[in-house]
Amino acid sequence: LEMANASTPTACLFVPDVPAGLAEIEFVSIFNMSPGFRSARLRRDRNEKVVGFVDFDSEVDADRARQHLLGQVGLEIQFARSS
């Protein structure tokens, strides 16, 4: 998965700049109250930077969560897409 155009909703959100000290359980807790939430996970990219992925039941649920959280949690939140 990688960055998508922000105007192309998918059921997965991509968080490109996760703060280094943020634990996965804390990352999950940011999103898990959003309707349609399925899972959230942290990974390291090719440059060893921490990135996050958040899966939802549908594009609509992911878009709603993104709109709701943008500006509130201090994280950049984009749509992910399959490559």
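**Close-up 1. Arginine 38 and aspartate 57 form a salt bridge.** In this predicted model, the closest N and O atoms of arginine 38 and aspartate 57 are 2.6 Å apart. Arginine 38 sits in strand S3, while aspartate 57 belongs to the loop between S4 and helix H2 (59-69), so the contact ties together parts of the chain that are 19 residues apart in sequence. How accessible are the two partners? Arginine 38 has 57% relative accessibility and counts as exposed. Aspartate 57, with a relative accessible area of 45%, is partly exposed.

**Close-up 2. Aspartate 17 meets lysine 49 in a salt bridge.** Here the closest N and O atoms are 3.3 Å apart. Where along the chain do aspartate 17 and lysine 49 lie? Aspartate 17 is found in the loop between strand S2 (12-15) and helix H1 (24-31), and lysine 49 in the loop between S3 and S4. With their positions 32 residues apart in the chain, the pair links distant parts of it. Aspartate 17 is partly exposed, at 43% relative accessibility. Lysine 49 also counts as partly exposed, at 37%.

**Close-up 3. Glutamate 48 and arginine 44 make a salt bridge.** Look for the closest N and O atoms of this pair, which are 4.0 Å apart. Are glutamate 48 and arginine 44 buried or exposed? Glutamate 48 counts as exposed because its relative accessibility is 53%, and the cut-off for exposed is over 50%. Arginine 44 counts as exposed too, at 54%. If you would like to keep exploring, a search of the whole structure finds 4 salt bridges, among them the pair in this view.

**Close-up 4. Phenylalanine 37 and phenylalanine 56 form an aromatic pair.** How many aromatic pairs are there in the structure? The count comes to 3, and this view shows one of them. The ring centres of phenylalanine 37 and phenylalanine 56 are 6.2 Å apart, and the angle between the planes is 80°. That arrangement is edge-to-face, because the angle is over the 60 degrees used as the cut-off. The two rings come from distant parts of the chain: phenylalanine 37 is in strand S3 (residues 37-44) and phenylalanine 56 in strand S4 (residues 50-56), 19 residues apart. Phenylalanine 56 is buried, with a relative accessible area of 3%.

Methods: Residues are numbered from 1 along each chain as its sequence is written. This is a predicted model: local features need pLDDT of at least 70, side-chain atom pairs count only at pLDDT 80 or more; totals for chains, interfaces and linings use all residues. Side-chain values use heavy atoms; hydrogens and water are left out. Rings of Phe, Tyr and Trp (its six-membered ring) pair if their centres lie within 6.5 Å; planes under 30 degrees apart count as stacked, over 60 as edge-to-face and the rest as tilted. Helices (H or I, at least four residues) and strands (E, at least two) are DSSP runs, numbered from the N terminus. Buried means under 20% relative accessible area, exposed over 50%, partly exposed in between (1.4 Å probe, protein chains only). A salt bridge is a side-chain nitrogen of Lys or Arg within 4 Å of a carboxyl oxygen of Asp or Glu.
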